[in-house]
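Subject: Structure handover

Hi,

Here is the structure for your queue. Please load it before reading on.

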Amino acid sequence: MRSAAAWARYWRKHAQKRFRSLAWKLDHAQSQLKPDGHMSIVTVQLGQCGNQIGFEVFDALFNDSHCSRGLCSKRENEAYQASCKERFFSEEENGVPVARAVLVDMEPKVINQTLSKAACSGRWKYGQHSCFCQKQGSGNNWAYGYSVHGPRHEESIMNLIRKEVEKCESLSGFFIIMSMAGGTGSGLGAFVTQNLQDQYSSALKMNQIIWPYGTGEVIVQNYNSILTLSHLYRSSDALLVHENDAVHKICVKLMNIKQVSFCDINQVLAHQLGSVFQPTYSGEGLFHYRRNPLGDLMENLVPHPEFKMLGVRNIPQMSENSLAYSTFTWAGLLKHLRQMLISNAKMEEGIDWQVRPPLSGLPPLGKMSVNKETHFNTSIANLVILRGKDVQSADVGAFKDPALYTSWLEPVHAFSVWKTQRAFRKYEKSAALVSNSQSLVKPLDMIVGKAWNMFASRAYLHQYTKFGIEEEDFLDSFTLLEQVIASYCNL
């Protein structure tokens, strides 16, 4: 096993190689793009969590693109709809759009429910042969999903994915939705992502992962989480992370939901993902929408392969009842969004306005400590996505402050803004921030610490070793994630 210092040397040695690999993928994707074409994303939904969220994401994308209140011209709305459809749906002969998705679970119940809900909507559906399920789950055991289900069903799952890829005129890459805490989504999800990296090395992979509740859903969730994260760090190009605790608070505080269900949480997640992935203008001007969504996200947000953990913030987020009585200005929205970023707040309620960027020209206060309660959240890269009325008048200058970013990247390279006059859902004005920053250091450090405490007492290890995951695999995971934490802390 490598020591932490040895791992750091290895990482630095190979970082340049991996960086060149990502740059090559972006160049390759651009070369595949036809002059008037848009690139498609194939979504892989894994496990109960991945399939339930996947349904809500496709439903949100479809409903938004067919929303009558787009607040823009008919021509622009049609261009927006066409761009969304090309990314996420293919057309069947009867005119019902079919999601570009593969559904995988080791138990049939959730997949059957998901297929049924989509078909019953009458607006869109999943493909007839786009699912793979079995009768036996993974028992919340990462090792069983990764070492047993993965190799056993590899051929069938990869065949389904290949068939979906063949339907795309140009492939932007894969969007893989999964949880970290269970067995199928996490273990099988890590196995499938590794296979996608092996078989589609030139395609981009973004994993959307659900961070478990801190109080715990599964007793071995911290083991499952560190194994998932360490494997994905080796095979994925970016990890888009949502924390269940943070989304739960949004449901309670902003959406005014008294009894929060997983369905409520998944709808908030779908709203956030839709606000990121729906079309925005390219540099070519109005009505010209970005054609390579995953490639553009990676190019703007992952400037170095050692830093690939992304988070999403949205403003405003509220119930439909509240929305009817609310008005917003771009200046107000962006002021709040910037403070949410630097104080590491996940929603606009309860922002700490005392946190300020370090003043230019003054010596830094020292590197981040994971134990510090209030800390300025340093960024590597930020992408602000603005949608709605008078969007061209929005001033994003405050996000270009060099004090927000690490010293080794100029703001001109670290900050991007995407815009469209087309409103998202029923929000006249809305902003999303996708950020590569220190915001996940504390939750990552907590998960690694809890997993290490269990590992030190050898708790539950036999459940993993009997399926081929040895102690050395755990130690490799700890070493890699400790290096990720150290790298983000030293920004």
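Below is what was found, from the whole chain down to two single residues.

Please note that this is a predicted model.

**Whole chain**

The protein chain has 491 residues, and 59% of them count as buried. Its secondary structure comes to 16 helices and twelve strands. The accessible surface is about 20,600 Å². Carbon and sulfur atoms hold 50% of that surface. Now the contacts between residues at least 6 apart in sequence: 82% of these join residues at least 24 apart.

**The sheet**

Ten strands form an open sheet with mixed pairing. The strand order is 5-4-1-6-7-8-9-12-10-11. Strand 5 and strand 11 (415-420) stand at the edges. Each has a single partner strand, so one side of each lacks a neighbour in the sheet. On average, neighbouring strands are turned by 20° against each other, direction ignored.

One pairing in detail: strand 10 (residues 379-388) and strand 12 (residues 429-437) run antiparallel. Nine bridges join the two. Leu 386 stands opposite Ala 431 of strand 12.

**Helices across the sheet**

Helix 2 (residues 47-65) lies across strand 1 (40-46), strand 4 (101-105), strand 6 (171-179) and strand 7 (204-211). Helix 2 runs at about 140° to strand 1. Helix 3 (residues 74-88) also lies across strand 1, along with strand 10 and strand 11. For helix 3, the angle to strand 1 is about 55°.

**Asn 382**

Asn 382 sits in strand 10. Is this residue buried or exposed? Asn 382 counts as buried, because its relative accessibility is 0%. Leaving out residues up to four places away in sequence, Asn 382 touches Leu 301, Leu 341, Tyr 405, Ala 414, Phe 415, Ser 416, Leu 433, Val 434, Ser 435 and Asn 436.

**Lys 125**

Lys 125 is in the loop between helix 4 (108-121) and strand 5 (131-133). Its relative accessibility is 23%, so Lys 125 counts as partly exposed. The cut-off for buried is under 20%. Which residues does Lys 125 contact, leaving aside neighbours within four places in sequence? They are Glu 92, Asn 94, Val 96, Pro 97, Val 98, Ala 99 and Ala 118. Arg 100 is 25 residues from Lys 125 along the chain, and their C-alpha atoms are separated by 9.7 Å.

Best wishes

Conventions: Residues numbered from 1 in each chain as written. Predicted model: local features only at pLDDT ≥ 70, side-chain atom pairs only at ≥ 80, totals over all residues. Heavy atoms only, no water. Helix = DSSP H or I, 4+ residues; strand = E, 2+ residues; numbered from the N terminus. Buried < 20%, exposed > 50% of the residue type's maximum accessible area, 1.4 Å probe, protein only. Contact = heavy atoms within 4.5 Å. Areas by Shrake-Rupley, 256 points an atom, 1.4 Å probe, with all protein chains shown as cover. Pairing = 2+ DSSP bridges. Axes fitted to C-alpha atoms, helices over the stretch in contact; angles between N-to-C directions.
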